[in-house]
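Student: Could you walk me through this one before I set anything up? I'd like to start with the sheet and then move on to the helices.

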Amino acid sequence: MFNITAIPALRDNYIWAIHDDQRAILVDPGEAAPALNFLHSRKLQLKAILCTHRHNDHIGGIAKLREVYNVPVHGRRHPNNPHITNELCEGDQLTLDALAVRFDIIEIPGHLDDHIAFIAPDILFCGDVLFGAGCGRNFEGTPAQLHHSLQRLALLPDTTRVYCAHEYTAANLRFALACEPDNPAIKERIVATQQLRAANLPTLPSSIALEKSTNPFLRCTHPAIIHTLQQRGLIDTSGRGVSELGVFTALREWRNNFQMTAA
Ligand SMILES: [Zn+2]
């Protein structure tokens, strides 16, 4: 059996450590120092690095870590990510004997083209595609790709624990409440999130069930969200109704602006 521990890094990243009392696997080490401190303080031997996508706050610590631990780096190859030693693509399975864990790999483009997710029973490492009560920005590809990627993640079992790479939940919940002011699950999650953050604890992992009840980007068919977008003039309702993708795209654009004005 293994544990999964959050290592806070950079401003608001989490490097996730899958570990027992001897060995560890790191997911998205964007910074080496906190990861090395974690490994040294617990006397853990690093066995592998997993990489969800090539943004520097996810790969920035890999080179230094590999100077100390010559371990494989599993991820999707990309010209701007020189660290990958073992290529993973849609449909691959990755077995890590050190901790007896096996991941299914799916490609989830829409934040970046090379983004993948690592999925084990009741475990999801989703990088910057799905966040607590939110989703990643659409830097590459189309909104349709990001929407499709999120829909694939939402099909995982409700009990799946969602290990996102950033502590964005509180800010995302402010947006979620603006989308659905009367959703009691969002209000409950805001209280729970405030309590966790006041105790300096991560709000993650969440679960697929919690995301489906509070994350506006997984709730694009809900009438309350469509109503809010209509009231704000963010979707065109002159036709025969609005598509789910239309709602998603309007939400993502609104969130981009909301983020700039939010506290
Ligand atoms: Zn990213």
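Tutor: One definition before we begin: two strands count as paired if DSSP finds at least two bridges between them. Please also keep in mind that this is a predicted model.

Student: Okay, so which residue in β13 is the bridge partner of L124?

Tutor: The partner of L124 in β13 is V162, and L124 itself sits in strand β10, which covers residues 123–127. The two strands β10 and β13 run parallel and are joined by four bridges.

Student: And on the β9 side, what stands opposite L124?

Tutor: That is I119; β9 (residues 116–120) pairs with β10 in the antiparallel sense, over three bridges. The hairpin of β9 and β10 has two residues between the strands, and there D122 takes a positive phi near 65°.

Student: Is L124 buried or exposed?

Tutor: L124 is buried, because 24 other C-beta atoms lie within 10 Å, and the cut-off for buried is 20 or more. Its strand is mostly covered as well, with four of the five residues of β10 buried.

Student: What does L124 touch, if we skip the sequence neighbours?

Tutor: Leaving aside residues within four places in sequence, L124 is in contact with A117, I119, L153, L156, T160, R161, V162 and Y163.

Student: Zooming out, what is the strand order in the open sheet?

Tutor: The six strands follow the order β7-β8-β9-β10-β13-β14, and the pairing is mixed. β7 (93–96) and β14 (206–207) stand at the edges with a single partner strand each, so one side of each has no neighbour in the sheet.

Student: How many bridges join β13 to β14?

Tutor: Two bridges join them, and β13 (residues 161–164) and β14 run antiparallel; R161 has S207 as its bridge partner in β14.

Student: Switching to helices, at roughly what angle do α5 and α6 cross?

Tutor: The axes of α5 (residues 169–179) and α6 (residues 184–198) cross at roughly 160° and come within 10 Å. The cut-off for roughly antiparallel is over 145 degrees, and α5 and α6 are therefore roughly antiparallel to each other. The crossing of α5 past α6 is left-handed.

Student: Which residues meet there?

Tutor: From α5 they are T169, A170, L173, A176 and L177, which meet I186, R189, I190, T193 and R197 of α6. By class, that contact has six nonpolar, two polar and two charged residues.

Technical notes:
Residues numbered from 1 in each chain as written. Predicted model: local features only at pLDDT ≥ 70, side-chain atom pairs only at ≥ 80, totals over all residues. Buried ≥ 20, exposed ≤ 12 C-beta atoms within 10 Å, placed from the backbone. Contact = placed C-beta atoms within 7 Å. Axes fitted to C-alpha atoms, helices over the stretch in contact; angles between N-to-C directions. Parallel < 35°, antiparallel > 145°, perpendicular 65-115°, else oblique. Left-handed = near helix turned anticlockwise from the far one by under 90°. Nonpolar A, V, L, I, M, F, W, Y, C, P; charged D, E, K, R; others polar.
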